[in-house]
Amino acid sequence: MGAGASSSMGVRGHGGVQETGLGDLPESCIAELMLYLDAPGICRLAKLSRAFRGAASGDFVWETKLPRNYQYLLEKASEEVENEVLLTKKEIYAQLCRPNPFDGGTKEFWLEKRRGRLCMSISSKALLITGIDDRRYWSNIPTEESRFHSVAYLQQIWWFEVDAEIEFCFPPGTYSLYFRLHLGRPTRRLGRRICNTEHIHGWDIKPVRFQLWTSDGQHALCQCKLDDPGCWIRYHVGDFIVGSADVPTKLKFSMKQIDCTHTKGGLCVDSVLICPKGLIQEKGRSREQTSKSKKSGISTYRTQNIEPKVMVFLCS
């Protein structure tokens, strides 16, 4: 009986007992376990053996990691590039995790790799900026510090107003909206980053008003004075909730300082970021608050996230 049992177990190890390993698990069992892991965890396990690698390629594993409306996102991602190749779910996930430009390259969306949540960035060229066509006030300057490789730079103006709107099928969840701004004009000299503060004025007199509206009646409002020259700062406008991916959500958002008793200038407007609520804080704990700055004697470069001094969130 013992011999029969041993022979049915196959190859024996030392001492006559069969040695089994993780590679002996059926791919179907491994795939079921992978349903409980995030995408980086699945990719790490795929390195263990051929069985794990096969399980990690299964469509039904990756379909659970994709947003429900991934077909809509894939169509959006294909607007700029013709792609008729049939992709596996794993390849679709990988493609959506890359920056996917749309609307002529003025906007990008991507999935954050860990949990497949949607993020979006809207460049300054997609924003309605008062006076943007008048070179006396505004100019578009090239920079490597923007994902869109250029920012709108304000020299001086009396009436500061930036508006925008977007209609998009967001996956269900709660999202935060930020304006990415910079006081001063960042440049490089002799390989070092410096900040030209020549035109900075007026932002410490009255606060800037940020607002957000959604098509289903949600509204957020905040006000704060702009400070900290030489740093890229994400100003949190507010949060909004998406209940269904099947219905497009229309967003309107703005930032204004229209008190005409004084001029203001020296501001770079880079982009608007829309991301899952709490994602910025998660990134901050892991790596984003790690200093990226190089001391330049005059200014430093870092990314900093702040909360507004006044916040109101209304949902009707």
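User: What joins the side chains of arginine 180 and aspartate 270, and at what distance?

Analyst: This is a predicted model. In it, a polar contact of 2.6 Å joins the two side chains. The cut-off for N or O atoms is 3.5 Å, and 2.6 Å falls within it, so the pair counts.

User: Why is arginine 180 called buried?

Analyst: Its relative accessibility is 11%. Buried means under 20%, so arginine 180 qualifies. The residue is found in strand β8, residues 173–183.

User: What makes the pair of glutamate 161 and lysine 256 a salt bridge?

Analyst: The closest N and O atoms are 3.1 Å apart. The limit is 4 Å between a side-chain nitrogen of Lys or Arg and a carboxyl oxygen of Asp or Glu, so the pair is a salt bridge. The pair links distant parts of the chain. Glutamate 161 is in strand β7, lysine 256 in strand β14, and they are 95 residues apart. Their side chains also make a polar contact, again at 3.1 Å.

User: Why do glutamate 161 and lysine 256 get separate burial labels?

Analyst: Glutamate 161 has a relative accessible area of 16%. That is under 20%, so glutamate 161 is buried. Lysine 256 has 26%. That lies between 20% and 50%, so lysine 256 is partly exposed.

User: How do you know that arginine 117 and glutamate 282 meet in a salt bridge?

Analyst: The N to O distance is 3.1 Å. That is within 4 Å, so the pair meets the definition. This pair also links distant parts of the chain. Arginine 117 sits in the loop between β2 (107–111) and β3 (118–123). Glutamate 282 sits in helix α8, residues 279–288. They are 165 residues apart. Arginine 117 has a relative accessible area of 16%, so it is buried. Glutamate 282, at 27%, counts as partly exposed.

User: What makes arginine 136 exposed and aspartate 134 partly exposed?

Analyst: Arginine 136 has a relative accessible area of 61%. Over 50% means exposed, so arginine 136 takes that label. Aspartate 134 has 22%, which puts it in the range between the two cut-offs. Their side chains meet in a salt bridge of 2.6 Å, N to O.

User: How many salt bridges does the structure hold?

Analyst: The structure holds 13.

User: What makes the buried residues of helix α2 lie on the same side?

Analyst: The buried residues of α2 (residues 27–34) are Ile30, Ala31 and Met34. They cover an arc of only 100 degrees around the axis, which puts them on the same side of α2. The face turned away from that side carries the exposed residues Ser28 and Leu33. An α-helix has 3.6 residues a turn, so residues three or four places apart point the same way.

User: What is notable about phi in histidine 149 and leucine 190?

Analyst: Phi of histidine 149 is near 70 degrees, a positive value in a residue other than glycine. Leucine 190 has a positive phi of about 55 degrees, and it is not a glycine either. Most residues other than glycine have a negative phi. Histidine 149 lies in the loop between β5 (138–142) and β6 (150–154). Leucine 190 lies in the loop between β9 (185–189) and β10 (192–196).

User: Why are histidine 149 and leucine 190 called exposed?

Analyst: Histidine 149 has a relative accessible area of 55%. Leucine 190 has 84%. Both values are over 50%, so both residues are exposed.

User: Which residues make the nonpolar surface patch of about 310 Å²?

Analyst: Trp158, Trp159 and Ile258 make it. Isoleucine 258 has a relative accessible area of 37%, so it is partly exposed. That value also clears the 30% that patch membership requires. Isoleucine 258 lies in the loop between β14 (249–257) and β15 (267–276).

User: Which members of the largest nonpolar core touch the most other members?

Analyst: Leu96, Phe179, Phe210 and Phe253 do, in a core of 65 residues. A second, separate core has seven residues, including Cys119, Tyr178, Cys275 and Leu279. In soluble globular proteins, nonpolar side chains tend to be buried together.

Note on methods: Residues are numbered from 1 along each chain as its sequence is written. This is a predicted model: local features need pLDDT of at least 70, side-chain atom pairs count only at pLDDT 80 or more; totals for chains, interfaces and linings use all residues. Side-chain values use heavy atoms; hydrogens and water are left out. A nonpolar core is a set of buried Ala, Val, Leu, Ile, Met, Phe, Trp, Tyr and Cys residues joined through side-chain atoms within 4.5 Å. Buried means under 20% relative accessible area, exposed over 50%, partly exposed in between (1.4 Å probe, protein chains only). Patches are made of residues with over 30% relative accessible area and no salt bridge: like charges are joined within 9 Å, nonpolar side chains (Val, Leu, Ile, Met, Phe, Trp, Tyr) within 5 Å. Accessible areas come from the Shrake-Rupley method with a 1.4 Å probe; for residues, only the protein chains shown count as cover. Helices (H or I, at least four residues) and strands (E, at least two) are DSSP runs, numbered from the N terminus. A polar contact is a pair of N or O atoms within 3.5 Å; within protein, one must be able to donate a hydrogen and the other to accept it, and residues adjacent in sequence count only if both atoms are side-chain atoms. The arc is that of the directions from the helix axis to the C-beta atoms.
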